[in-house]
Amino acid sequence: MIDHPTRDVGFGVYVHWPFCASKCPYCDFNSHVRHQPVDQERFLTAFRREIAHTASRIPGRTVTSIFFGGGTPSLMKPETVGAILDAIGGAWAVDPKAEVTLEANPTSVEAERFRGYRRAGINRVSLGVQALNDPDLKRLGRMHSVDEALGAVRIAASIFERYSFDLIYARSGQTPQAWGAELEQAISHSVEHLSLYQLTIEPGTWFQRLYDAGKITVPDEETGRALYDITQEVCEKYGLPAYEISNHAKPGAESRHNLLYWRYGEYAGIGPGAHGRLVTGNARLATATEKHPETWLELVEREGHGVIDEEVLTSEAEGDEFLLMGLRLKEGVDPRRFEAFTGRTLNPRRLRNLEEEGLIQVNGTRLAVTPKGFPVLNAVIAELAA
Ligand code: SF4
């Protein structure tokens, strides 16, 4: 008997494909470049085994969303993607309306595979366009031009019911005006969903070396704020308001898979370096698999799964994660779920102070961060979780 305040939010499957054609200088994801062809058949067998193993631990779920992320999953053959979807469908029931997303790089080579992905069962693509400006694409280490990216967007629009693209802003020297114009250009391509990330310098990346050597800059706080504000202004003007701090969509076009994370649902993480949150009994397990692709492969071949880290979250940790994820959303959280996770209520004095400062809004069963609170979201969460 499962009794846990997570089950009503849905069940998702995340599949990580860890390979990329080259490493982007800003990227700290689990992505690896191989100069020999990747043995997709062998990886497929391992994906199948890990899916079957996970389903044996959490049987009887109905999958509401599937997400192929990476790395660059658009380097997978459509047959590999189709076979993984078949394995998921064999392990659990899949909701006929499930959202099935694949992240793709917008090169012409990858766009040629789009029709095959559609036939395999993908119904949404998320394109890593990143910039609509050739010199910046080059600086970001991207392998496509603006023309090529927009060509891939057109092909995606003709094949998939739904598509999204990602852009990175706050790039070296970018002004709010230039960013606003670029965003308007992006929206003119009838996109229903945009993920807009501020460039951050991540430890261990090539950009960090350049930053430390003074060769690239990031905007100061004031410019960063102006870039954030223009992002909200332009997206709202064209009917794509933020539903999450970095994600904008037409009403109804929100990413259901990402909503599942932010609403603190249950999800299985399959593949190298994938994270999962599994509900067994009335406990929530945090799982993480081996990151290195070939080591993961051998581990799955030996053990049937690649999980190397697993812990039962304490009620305190669940409460913290619930706030951390849920308060990123414009809709906020239901404080009663926090109580169900932790057995305690949020501190009324802290709530009152944040409300008086105009950083949160509390309205019966909803607690949400205000537009004034979003730029200082981490501080708001830290205050509530303390
Ligand atoms: S394509 Fe994506 S995952 Fe691969 S290196 Fe570039 S940013 Fe990272």
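The exercises below work through one predicted model.

Residues are numbered from 1 along each chain as its sequence is written. Local features in this predicted model need pLDDT of at least 70, side-chain atom pairs count only at pLDDT 80 or more, totals for chains, interfaces and linings use all residues, and side-chain values use heavy atoms, with hydrogens and water left out.

**Exercise 1. The ligand shell**

Task: Find which residues surround the ligand, and sort the shell by class.

Solution:
- Step 1. Apply the cut-off: a residue is near a molecule or strand if one of its heavy atoms lies within 4 Å of it.
- Step 2. List the shell. The ligand is surrounded by Cys20, Ser22, Lys23, Cys24, Tyr26, Cys27, Phe29, Ser31, Gly71, Thr72, Asn105 and Arg142.
- Step 3. Fix the classes. Nonpolar covers Ala, Val, Leu, Ile, Met, Phe, Trp, Tyr, Cys and Pro; charged covers Asp, Glu, Lys and Arg; the others, Gly among them, are polar.
- Step 4. Sort. The shell has five nonpolar, five polar and two charged residues.

**Exercise 2. A cis bond beside the ligand**

Task: Place Gly71 in the fold, and describe the peptide bond from Gly70 to Gly71.

Solution:
- Step 1. Know the elements: helices (H or I, at least four residues) and strands (E, at least two) are DSSP runs, numbered from the N terminus.
- Step 2. Gly71 is in the loop between β2 (62–70) and α2 (78–91).
- Step 3. The bond from Gly70 to Gly71 is cis, with omega near 20°.
- Step 4. Link back: Gly71 is one of the residues around the ligand.

**Exercise 3. The second largest pocket**

Task: Describe the second largest pocket by volume, lining and place between domains.

Solution:
- Step 1. Define the search. On a 1 Å grid over the protein atoms alone, a cavity is a set of points where a 1.4 Å probe fits but cannot get out; a pocket is an open set with protein on both sides within 12 Å along at least five of seven lines; lining residues have an atom within 4 Å of a point.
- Step 2. Define the volume. Grid points are joined across faces, edges and corners, and the volume is the space filled by probe spheres set on the points. Here it is about 290 Å³.
- Step 3. Read the lining. It has 17 residues, and Glu236, Lys330, Thr370, Pro371 and Phe374 lie nearest the pocket centre.
- Step 4. Name the elements. α9 (221–237), β7 (242–244) and β14 (366–369) each give two or more residues to this lining. The largest share, five residues, comes from α9.
- Step 5. Sort by class. The lining has eight nonpolar, three polar and six charged residues.
- Step 6. Place the pocket. Domain 1 (7–261) and domain 2 (332–386) both contribute lining residues, so the pocket lies between them. The domain bounds come from an automatic or database domain assignment.

**Exercise 4. The largest nonpolar core**

Task: How many residues does the largest nonpolar core have, and which have the most contacts inside it?

Solution:
- Step 1. Define buried: under 20% relative accessible area, with exposed over 50% and partly exposed in between (1.4 Å probe, protein chains only).
- Step 2. Define the core: a set of buried Ala, Val, Leu, Ile, Met, Phe, Trp, Tyr and Cys residues joined through side-chain atoms within 4.5 Å.
- Step 3. Count. The core has 99 residues, and Phe68, Trp92 and Ile122 have the most contacts inside it.
- Step 4. Trace the source. Helix α6 (residues 146–159) gives the largest share of this core, seven residues.
- Step 5. Place the core. Both domain 1 (7–261) and domain 2 (332–386) give residues to it, so the core lies between them.
- Step 6. Recall the general pattern: in soluble globular proteins, nonpolar side chains tend to be buried together.

**Exercise 5. Positive phi angles**

Task: Is Gln130 buried or exposed? Is Tyr264 buried or exposed? Give phi for Gln130 and for Tyr264.

Solution:
- Step 1. Gln130 lies in strand β4 (residues 124–130). Its phi is positive, about 70°, although Gln130 is not a glycine.
- Step 2. Gln130 has a relative accessible area of 9%, so it is buried.
- Step 3. Tyr264 is in the loop between α10 (256–262) and β9 (266–270). Phi of Tyr264 is positive too, near 65°.
- Step 4. Tyr264 has 2% relative accessibility, so it counts as buried.

**Exercise 6. Sequence and space**

Task: Where does Gly204 lie, and what separates the C-alpha atoms of Gly204 and Asp28?

Solution:
- Step 1. Gly204 is in the loop between β6 (193–198) and α8 (206–212).
- Step 2. The relative accessible area of Gly204 is 72%, so this residue is exposed.
- Step 3. Gly204 and Asp28 are 176 residues apart along the chain, and their C-alpha atoms are separated by 7.4 Å.
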